Amino acid sequence: MDLRTAEHPRPNHFILHLSDTHLIGGDGELYGAVDSEARLRQIVTEIEASGGRPEAIVFTGDLADKGEPDAYRKLRELVEPVAARLGAQVIWAMGNHDERGAFREQLFGQLPSQRPVDLVYDVDGLRIITLDTTVPGHHYGELSSDQLDWLAEELSTDAPDGTIIAMHHPPVPSVQDLTALVELRDQASLAEVIEGSDVRSIIAGHLHYSTNTVFAGVPVSVASATCYTQDLNTAGGGTRGRDGAQSFNLVHVYEGSVVHSVVPIGTYATVGEPVSSDAVAERLALAGVRIAPAAPRHRATDTAPLPLPVQQDFALTGPIDTL
């Protein structure tokens with residue numbers, strides 16, 4: 001029997017992408033309708049039970065519905081033990097419902113500040129940059145000229161395995177007209193910085209539904225919310241939030257592509273014969289099919305790792321190490 005190698009090898013990197021947890025500080029339901037903590041707890045429980053081992057778990061904003069310190073503490077207590085057991089970094093990005101002071105203090109142990117929270121992470125050669133697109137007191141998004149200059153400087157040097165940008169407000173057209181009120185403004189300026197760089201993917205949230213497009217030649221993937229979602233079948237182009245269809249995304253980074261996959265929460269009736277991972281390996285072997293290992297990493301042995309994380313402080317002359 002001839003041995004055939006599958007078209008694609010194993011991925012170089014695997015991360016999880018979650019968004020819009022909207023936790024509240026005390027007990028009760030979000031907007032009197034949904035238990036956002038219970039939904040997130042269900043998701044992280046299902047993630048851990050799956051046996052997957054992501055290198056990082058990235059949250060793209062609106063972590064706390066009202067920016068309450070207790071909500072951020074609750075989030076850490078829920079997420080960090082699971083991430084530790086999985087061996088995954090946790091990466092937080094700001095959203096328009098978050099409050100910069102409490103965000104810094106509760107998630108990073110910093111003194112409260114209203115500076116943008118822009119950070120750079122090294123995930124074993126994959127660079128993840130979180131951009132703070134929030135405008136305090138407003139729900140639309142925007143990046144200042146200082147932030148764009150900082151981003152351009154970071155991207156002036158390629159990362160070994162490329163860059164993923166994580167941000168809250170996505171640079172995408174929306175299928176719901178009302179979101180024009182809360183969109184990311186001046187997207188053309190961001191496109192000028194990203195185009196031609198080593199950015200391989202942009203991941204975002206904010207919309208409460210999953211969607212995908214291309215921006216400045218870069219794939220964009222928007223993760224739906226973990227708390228509640230938008231019903232895109234609403235008549236007449238209106239909006240309707242619903243306690244259902246919550247999901248998170250898997251992000252697999254290959255040598256030549258990045259694959260984003262939506263995973264809805266919940267368990268459903270089995271259709272056909274379930275096949276275990278061991279049985280899958282046996283069937284591939286019987287069919288003479290092998291999946292090649294991940295492509296060799298680009299990192300040279302003498303290349304220093306990126307700081308984890310680095311934060312730009314615009315009151316200083318350059319980035320500072322915050323942890």
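In this predicted model, the lining of the largest pocket is made up of ten polar, four nonpolar and two charged residues. The pocket itself holds about 320 Å³ of space. Its lining comprises 16 residues, and those closest to the pocket centre are Thr179, Val182, His206, Tyr228 and Gln230.

Enclosed space was examined next. Rolling a probe the size of a water molecule over the atoms shows where empty space is left. Across the whole structure, the search returns two cavities of 30 Å³ or more. The largest cavity has about 60 Å³ of space, and its walls are formed by Pro170, Val172, Ser174, Thr179, Glu183, Leu184, His206 and Leu207. Sorted by class, that lining contains four nonpolar, three polar and one charged residues. Readers following the pocket will recognise two of these names: Thr179 and His206 line the largest cavity and also belong to the residues closest to the centre of the largest pocket.

The second largest cavity has a volume of about 40 Å³. Around this space sit Leu143, Leu148, Leu184, Arg185, Asp186, Gln187, Ser189 and Leu190. Helix α5, which covers residues 187-194, supplies three residues, the largest share of this lining. Here the classes divide into four nonpolar, two polar and two charged residues. Leu184 is worth finding on screen, as this residue lines the largest cavity and the second largest cavity.

Attention then turned to the strands. Strands of a sheet pair through backbone hydrogen bonds, either parallel or antiparallel. The model contains an open sheet of five strands in the order β4-β3-β2-β13-β14, and the pairing is mixed. At its edges lie β4 (89-93) and β14 (258-264), each of which pairs on one side only. On average, and ignoring direction, neighbouring strands of this sheet are turned by 20° against each other.

One edge of the sheet can be followed residue by residue. Strand β13 (residues 247-253) runs antiparallel to β14, and seven bridges join the two. A hairpin of four residues makes the connection between β13 and β14. Along this pair, Ser247 has Pro264 of β14 as its bridge partner, while Phe248 stands opposite Val263 in β14. Helix α1 (residues 36-50) lies across β13 as well as β2 (13-18) and β3 (56-60), running at about 165° to β2.

Finally, the record can be set beside the model. An unreviewed UniProt entry places the feature "domain: Calcineurin-like phosphoesterase" at residues 15-209. Within the model, this span is 31% helix and 18% strand, and its end C-alpha atoms are 19 Å apart.

Methods
Residues are numbered from 1 along each chain as its sequence is written. This is a predicted model: local features need pLDDT of at least 70, side-chain atom pairs count only at pLDDT 80 or more; totals for chains, interfaces and linings use all residues. Side-chain values use heavy atoms; hydrogens and water are left out. UniProt positions are given in the numbering used here, feature names are shortened, and annotations may be inferred rather than shown by experiment. On a 1 Å grid over the protein atoms alone, a cavity is a set of points where a 1.4 Å probe fits but cannot get out, and a pocket is an open set with protein on both sides within 12 Å along at least five of seven lines; lining residues have an atom within 4 Å of a point. Grid points are joined across faces, edges and corners, and a volume is the space filled by probe spheres set on the points. Ala, Val, Leu, Ile, Met, Phe, Trp, Tyr, Cys and Pro count as nonpolar, Asp, Glu, Lys and Arg as charged, and the others, Gly among them, as polar. Two strands pair if DSSP finds at least two bridges between them. Axes are lines fitted to C-alpha atoms, for helices over the stretch in contact, and angles run from 0 to 180 degrees between N-to-C directions. Contact means heavy atoms within 4.5 Å.
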